[in-house]
Amino acid sequence: MLMKHAIAAFLLTTFCSCALRAQQDELPLRYAGTITIEDLHEHLSVLASDALEGRETGTRGQKMAAAYIAHQFGDYGLTPLLQTPSGKSYVQGFELFKAGLSTAWVEVKDKKYHSNKDFYFSGTLNMEQADTMKVVYIGSGQATDIQTAGLKGNNVMVKSEGDRKQILELVTELKKHGAEMVFVMTTGTDESFHQMIDGYSRNVAMGKLTLPDKEQHNYFVISPTMGADMLGSSHKNIESETLMQSGQTASFVSLPSIRFEVKQEIQFVSTENVLGMVEGTDKKDEFVIVTAHYDHIGIEGTEVNNGADDDGSGTVAVLEMAQAFALAKKNGHGPRRSVIFMTLTGEEKGLLGSTYYVNHPVVPLASTVSNLNIDMIGRIDSKHTENPDYVYLIGSDKLSSELHELSEKVNTTFTQLDLDYTYNATNDPNRFYYRSDHYNFAKNNIPVIFYFNGTHPDYHKPSDTVEKINFEQLEKRTKLVFHTAWEIANLDHRPKVDAIPEEIKLDTSK
Ligand SMILES: [Zn+2]
């Protein structure tokens with residue numbers, strides 16, 4: 001690096017902008033240098049150890065991981081953003097619940113119908129004892145019928161040809177118009193009905209964790225046979241649908257009373273997102289959020305799913321970046337925008353931690369300029385054994401072409417990884433864009449980049465261990481995310497949103 005003064009002066013004046021650029025690059029490079037294999041290894045050896053029992057949401061292992069992360073954030077000197085009775089905290093705690101259906105039946109005249117055979121019940125209803133109710137039938141519940149039917153306070157029966165998702169939309173619409181209980185009679189055959197409820201029943205059997213503030217409608221999905229029985233003698237009249245098509249106010253038919261009972265065990269489970277901030281300078285009211293989920297899938301039988309790659313790798317990357325940014329700030333080189341480092345819970349249960357966060361954000365979503373999300377960056381997939389200097393990028397161009405260009409440029413300047421966009425293709429059958437936490441930010445029109453190493457045979461297996469992590473790649477990929485966050489945080493203007501978000505449904509099946 002020796003250089004004669006004269007030449008140096010010449011170069012400085014001639015290539016001033018280059019020199020300036022080099023000077024600008026020197027700072028992030030200096031702090032990226034604190035992201036090391038040793039530190040990543042140390043953190044991951046704790047988080048992915050057997051002692052943390054696979055970090056399943058709501059379990060002791062998940063809470064131990066949360067405590068470890070919060071402790072690190074404290075050590076780095078991040079700003080806590082949550083107010084609790086005992087002071088400021090890094091922990092955003094919330095409750096989830098799981099419902100296990102123990103008994104449910106419906107009696108129509110003298111015939112008793114049973115859950116998961118004749119009907120499927122969804123919701124949180126838990127009754128002390130059996131009760132009777134009156135039900136009105138509103139045909140197929142078309143929008144005009146709904147508006148004119150005067151649903152308020154009525155228990156409603158409706159028929160639908162739709163799938164589970166369409167049924168939920170219909171129920172949501174009816175509840176919005178004041179319907180109390182809803183019975184959705186499926187058209188088609190009893191066989192097709194059974195196929196449909198098989199999936200529902202499996203969720204109940206698994207005791208699936210759910211966010212309580214996600215609308216929990218109480219409703220029954222019933223077989224065509226049970227539906228015909230509920231309609232009873234009114235059946236013929238109703239099937240002609242003269243009432244339904246007339247558009248008159250009283251476009252519903254009263255049905256004979258039924259008896260029913262729903263009893264379920266509802267269990268509440270507490271869990272935690274962990275987040276801290278490095279406050280910005282002149283643009284401190286705008287935020288870059290860097291995320292990774294720290295929960296995993298727990299213990300199966302006697303084997304711990306350590307989740308070293310999924311997503312221990314992303315979690316330790318977030319820790320290292322938090323440390324680097326915090327150090328930069330301490331030295332007077334802090335970012336212009338504020339940067340929030342957030343490790344999320346409940347991802348494996350259906351993106352629950354990020355869903356909770358976007359419903360209860362600690363800083364305005366409108367001022368959140370980007371989300372960089374990491375889920376698995378510590379392994380090499382079978383396509384890249386020969387050229388391991390790669391990472392899959394997903395979503396970078398979906399909302400902001402500027403973010404995409406910035407990301408590309410950062411990589412060219414600092415990390416020179418092969419950025420693989422295979423999974424970014426709109427028609428990619430894996431649909432990874434919809435399958436990790438960044439999607440909850442993207443849904444709110446916040447530009448995202450999702451960093452991912454692809455799949456491998458140890459995915460969601462006890463063999464996803466620390467020994468199998470490629471720490472050299474983990475370090476390089478962490479640096480790519482770090483430099484990208486640094487550039488976004490120091491831009492003159494926030495990355496412009498110039499694309500229309502794709503209207504595609506969230507798929508959380510993993
Ligand atoms: Zn994951």
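Let's start in a loop. Leu351 sits between strand S18 (337–344) and helix H12 (352–359). This is a predicted model, by the way. Leu351 is not a glycine, yet its phi is positive, about 55 degrees. Is Leu351 buried or exposed? It counts as buried, because Leu351 has 25 C-beta neighbours inside 10 Å, and 20 are enough for that label.

Now a second loop residue. Asn445 lies between helix H14 (438–442) and strand S22 (448–452). Its phi is also positive, near 70 degrees, and Asn445 is not a glycine either. Asn445 has 15 other C-beta atoms within 10 Å, so this residue is partly exposed.

One more backbone point. The peptide bond between Asp310 and Asp311 is cis, with omega about -15 degrees. Where is Asp311? In helix H11, which covers residues 308–330.

Let's step back to the whole chain. It has 15 helices and 22 strands. Of its 510 residues, 44% are buried. Then look at contacts between residues at least 6 apart in sequence: 83% of them join residues at least 24 apart.

On to a sheet. Six strands make it up, and the sheet is open. Read across, the order is S6-S12-S10-S9-S8-S13, with mixed pairing. Why do S6 and S13 each have a side without a neighbour in the sheet? Strand S6 (119–122) and strand S13 (253–254) stand at the edges, and each has a single partner strand, so one side is left without a neighbour.

The partner of S6 is strand S12, residues 219–222. The two run antiparallel, joined by four bridges. In one pairing, Phe121 has Phe220 of S12 as its bridge partner. Helix H8 (residues 224–231) packs on this sheet. H8 touches S6, S8, S9, S10 and S12. The direction of H8 makes about 120 degrees with that of S10.

Last stop: a helix pair. Two packed helices are described by the angle between their axes and the distance between the axes. Take helix H13 (residues 401–415) and helix H15 (residues 471–490). Their axes come within 9 Å and cross at roughly 125 degrees. H13 and H15 are therefore oblique to each other. The crossing is right-handed.

Which residues meet there? From H13, we have Leu406, Ser407, Val410, Asn411, Phe414 and Thr415. From H15, we have Lys476, Lys479, Leu480, His483, Thr484, Glu487 and Ile488. By type, the contact residues split into five nonpolar, five polar and three charged.

Key
Residues numbered from 1 in each chain as written. Predicted model: local features only at pLDDT ≥ 70, side-chain atom pairs only at ≥ 80, totals over all residues. Pairing = 2+ DSSP bridges. Contact = placed C-beta atoms within 7 Å. Axes fitted to C-alpha atoms, helices over the stretch in contact; angles between N-to-C directions. Parallel < 35°, antiparallel > 145°, perpendicular 65-115°, else oblique. Left-handed = near helix turned anticlockwise from the far one by under 90°. Nonpolar A, V, L, I, M, F, W, Y, C, P; charged D, E, K, R; others polar. Buried ≥ 20, exposed ≤ 12 C-beta atoms within 10 Å, placed from the backbone.
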